[in-house]
Amino acid sequence: MSRPDDLVVGYLETLHRHRAMVAAAYHQGWIDAGGEPATPRGIQDLRRHRTLVPLTQDAFRLAASLARHFDEVLQKEQLFAAVGGNIADLAARLPLLIDEAVKAHLEGRTEDLDGYVDAFNNAVFDLADHIEQALQYLRMLADTRFASVRTLAEKQRQNAWYIARAERISEALKSLQGGGLLDRIEDEPAAAPLAPSFRGQLWGRLPQWRESLLDITEILKTFLYRLRQVEPAGRRLRAFNLFLKRNPDYVAPDIEELTEPPVWTSRAAPLTVIAHPDLRDGTTSEALIEVAVRLPPSPTVIQRPPKVGTLKEGTDQEPRTLVIEPRPYQLALRRLIAEVPTDGEPVSALDWKRDRSEYADLPDSIWLHCVLYEATLARRRTERVRFERVELSPSHPLSGNIVVRDVLVRRV
Amino acid sequence: MFEQTVTLLLSGEFICSVRYPDAWRFLTEEAQRKDVDAFLGRLGRRLVSTRQGGAWFAAYQQIGAQERRAMREVFADIKHNLRLLVGFFVHVMQALRQDQFLAPGSIIEANRLMAAIDENPNLRGELQALSGLGKGPTGDGTLRGTLERLLKKLRDDGYLVLANPEREIYEVTGKIEYLQEVVDFLMAHQSIPDEVEEETDTEVRQETLL
C-alpha cells in the first residue's frame with residue numbers, strides 16, 4: 001500500500017536519477033531528446049511525472065511550475081517578472097473559505113469543516129510565502145540595480161515596472177489589513193480554528209512586510225531619480241572629452257583665475273598622521289616587548305681593513321723562512337675539539353679550560369669569544385661539532401645584549 | 001569606526017559605499033556625521049559630500065593663503081590627470097556600449113573590455129593614445145599591458161577598486177562624482193556646449209591615422 005509520502009519520495013528520486021537532464025533543460029531552456037544528456041528512459045520517466053512538456057517533436061521544456069521553483073530557489077533575475085502577481089487573487093480566497101467554514105460549522109458538517117480549515121491554513125501559508133518571496137525578489141533587484149540589463153533606458157523601464165509591482169503588492173497588503181478579515185474571524189466563534197494561522201502567518205507579519213516594501217520602493221525611486229540624472233552626466237562627459245580632443249592645447253584655468261571657487265576646489269590636502277610609541281608608558285611595554293622579540297637580529301658583519309704592509313730592509317736578500325707559532329688559544333681550541341667525547345656528551349668550554357692549568361693565562365671572556373668565533377667559521381674540523389651558547393638573561397629586555405655565560409661543545 | 005573614518009578623511013580619501021563601506025555606513029548617521037564634522041572643524045576642515053551624495057571628503061573650513069597654496073596643488077593634480085581620466089571613462093563607456101555615465105558601483109570587467117577593444121580598431125587606437133597621457137613606464141607595449149596599466153593607475157588614484165581579482169572585475173568608486181563635478185564646472189566656466197554632435201567614425205579614423 002502506498003502512502004502520499006512514498007509518492008513524494010518516489011518523485012524526488014526520479015528527479016535525482018535524471019538530475020543532469022533536469023538541469024540541462026533548466027539552464028538551456030529546452031532539451032533535445034536525441035542529444036546529451038537525454039536518454040529515452042529519462043525522457044519517458046520525466047514526461048510521466050509531467051516534469052518535461054513537449055516543445056516540438058524531439059524537444060522538451062521543463063514544466064513551468066518546476067522552472068519557477070528553481071528561479072525562486074536560485075533567485076534568478078527575470079526581465080519584467082510578474083512579482084507578486086497572484087497575491088491579490090490568493091488574498092481573495094480567504095473570505096470565501098471563512099464563509100464556507102462558518103456554514104459547515106453551523107450545519108454540523110464536521111468533516112467539511114476540517115477540510116475548509118485545512119484549505120484556509122494552506123491558503124494563508126501560500127499567501128504569506130508569496131508575499132515573502134516577492135519582497136525578497138524585489139529586495140534583490142533593488143540591491144543589484146538591475147544588473148542583468150545594460151542600457152540606461154532598459155534599466156529605467158525595468159525600474160518603473162518594478163515600482164508599479166511594488167505598489168500593487170502594497171495595495172494588496174493594505175486591503176488585507178483593512179478588509180476586516182481578522183474581525184470576522186474573531187467575531188464568529190465557528191471561525192476560531194482559523195485564527196492561529198491567520199494571526200501567526202499573516203496578521204503579525206503585515207507591519208514588517210509593509211515596512212520592508214516601503215524601504216524597497218524608496219530605494220527603487222531613488223535609483224530611478226539617479227538614473228534620470230545619469231544620462232545627462234554621461235552626455236556631458238562625452239561632450240567634454242570631445243572638446244578636449246578638438247582642443248589639444250586646452251589647459252584648465254588656474255585656481256587664481258576663479259572669482260568664486262566652487263566647493264570641490266576647497267578639498268583639503270592630505271594630512272599625514274604619524275604616531276610613535278611612548279616608551280615610558282607602562283601599559284604599552286608588554287606590546288612593545290612582543291614586537292621587540294619578534295624582530296630578527298641584525299647580522300653582524302665584521303669587516304677588517306686589510307693591513308698595509310711595509311717592506312723590511314734587506315728584502316732583496318734571500319728570503320728567510322718564518323715559522324709561525326700557533327697562539328695559545330688556537331692550540332687550546334684544537335685540543336678541545338679533539339677531546340670532545342664521541343658519544344655526544346657536551347663539554348663545558350669554560351670548565352675544560354679551567355681544568356687545564358697551562359691555559360690559566362687565557363682570560364675566560366677571551367676564551368669564550370674564541371670558541372664562539374670558531375663556531376662562526378664553520379671549518380671542516382668542526383663539521384660534526386655543535387656549539388651551544390649558555391646565556392644569561394639580559395639586564396633589560398629591550399637592551400639587545402646577549403650575555404654568554406658558557407659554551408657547550410658536543411659532537412654529533 | 002570614528003577613528004578610522006576621521007583618519008581616512010584627513011589622509012585625503014573619498015569615503016564611498018564601494019571603497020570604504022564601513023566608514024560610509026558610519027557616516028550615514030547624522031549624529032555621527034556631526035561628530036566627525038566637529039572634530040574636523042578643530043583642524044580647520046569640514047565634512048563635505050559630492051553633489052550627488054555618493055562620496056564624502058574633507059574640505060577646508062576657511063581659505064587663507066596657506067590653504068590656497070594647498071588647493072592650487074590639488075587642482076594642479078586634477079588638471080594634470082584630467083585628459084587621461086575623462087578619456088578613460090568615455091573610452092570604457094564606448095567600448096562597453098554603455099550610454100550612461102559610470103556611476104559609483106558600476107562594474108568594469110577587464111576581460112570584456114579587452115575583448116571589445118580588441119575587435120575595434122578605433123578603440124585600439126584610442127587606448128594607445130590614452131596610454132601616452134599617463135606617466136611612468138609604458139609597459140610591455142601590448143594592448144593588454146596598456147589596459148592593465150591604466151586600470152592600475154585608476155585604482156591607485158582611488159577611482160576604481162578591484163572587486164573580484166580572479167575575474168578582474170573592477171568597481172567604480174564615489175570619487176567619480178568628484179570628477180564629474182570638475183567637468184561640469186569647467187564646461188560651465190569655458191561655456192562648452194552640452195550637446196556636442198557625436199564624433200563621426202571618419203573623424204575618429206583620421207585621428208587614429210594621424
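Mentor: Let's start with the vocabulary: helices (H or I, at least four residues) and strands (E, at least two) are DSSP runs, numbered from the N terminus. Residues are numbered from 1 along each chain as its sequence is written, while chains are lettered from A and ligands numbered from 1 in the order in which they are written. This is a predicted model, where local features need pLDDT of at least 70, side-chain atom pairs count only at pLDDT 80 or more, and totals for chains, interfaces and linings use all residues.

Trainee: Thanks! Where does A:Pro37 lie?

Mentor: Look for a cis peptide bond, which joins A:Glu36 and A:Pro37 with an omega of about -5°. Then check the elements on either side: A:Pro37 sits in the loop between strand 1 (31-32) and helix 3 (40-48) of chain A.

Trainee: Is A:Arg50 buried or exposed?

Mentor: A:Arg50 is in the loop between helix 3 and strand 2 (52-54) of chain A, and its phi is near 60°, a positive value in a residue other than glycine. To judge burial, count the other C-beta atoms (placed from the backbone) within 10 Å of a residue's own: 20 or more means buried, 12 or fewer exposed, and in between partly exposed. A:Arg50 has 10 such neighbours, so the verdict is exposed.

Trainee: And how many other C-beta atoms lie within 10 Å of B:Glu168?

Mentor: Find B:Glu168 in the loop between strand 4 and strand 5 of chain B. B:Glu168 is not a glycine, yet has a positive phi of about 55°. B:Glu168 is partly exposed because its count is 17.

Trainee: Which residues does A:Thr14 touch, not counting residues up to four places away in sequence?

Mentor: A:Thr14 belongs to helix 1 (residues 4-17) of chain A. The C-alpha atoms of A:Thr14 and A:Thr51 are 9.9 Å apart, although 37 residues separate the two along the chain. For touching, we ask that two C-beta atoms, placed from the backbone, lie within 7 Å. With that rule, the partners of A:Thr14 are A:Asp45 and A:His49.

Trainee: Which helix of chain A gives the most to the side that touches chain B?

Mentor: Between the chains, 35 residues of chain A are in contact with 47 residues of chain B. On the chain A side, 15 residues come from the top contributor, helix 10 (residues 206-246).

Trainee: How many residues on that side of chain A are nonpolar?

Mentor: Ala, Val, Leu, Ile, Met, Phe, Trp, Tyr, Cys and Pro count as nonpolar, Asp, Glu, Lys and Arg as charged, and the others, Gly among them, as polar. On this side of chain A, 6 residues are polar, 8 are charged, and the nonpolar ones number 21.

Trainee: Which strands stand at the edges of the open sheet in chain B?

Mentor: The sheet has 3 strands in the order 3-5-4, with antiparallel pairing (two strands pair if DSSP finds at least two bridges between them). Each edge strand has a single partner, so one side of each lacks a neighbour in the sheet. The edge strands are strand 3 (107-109) and strand 4 (160-164).

Trainee: Which residue stands opposite B:Ile108?

Mentor: Strand 3 of chain B runs antiparallel to strand 5 (residues 169-172), and 3 bridges join them. In strand 5 of chain B, the residue facing B:Ile108 is B:Tyr170.
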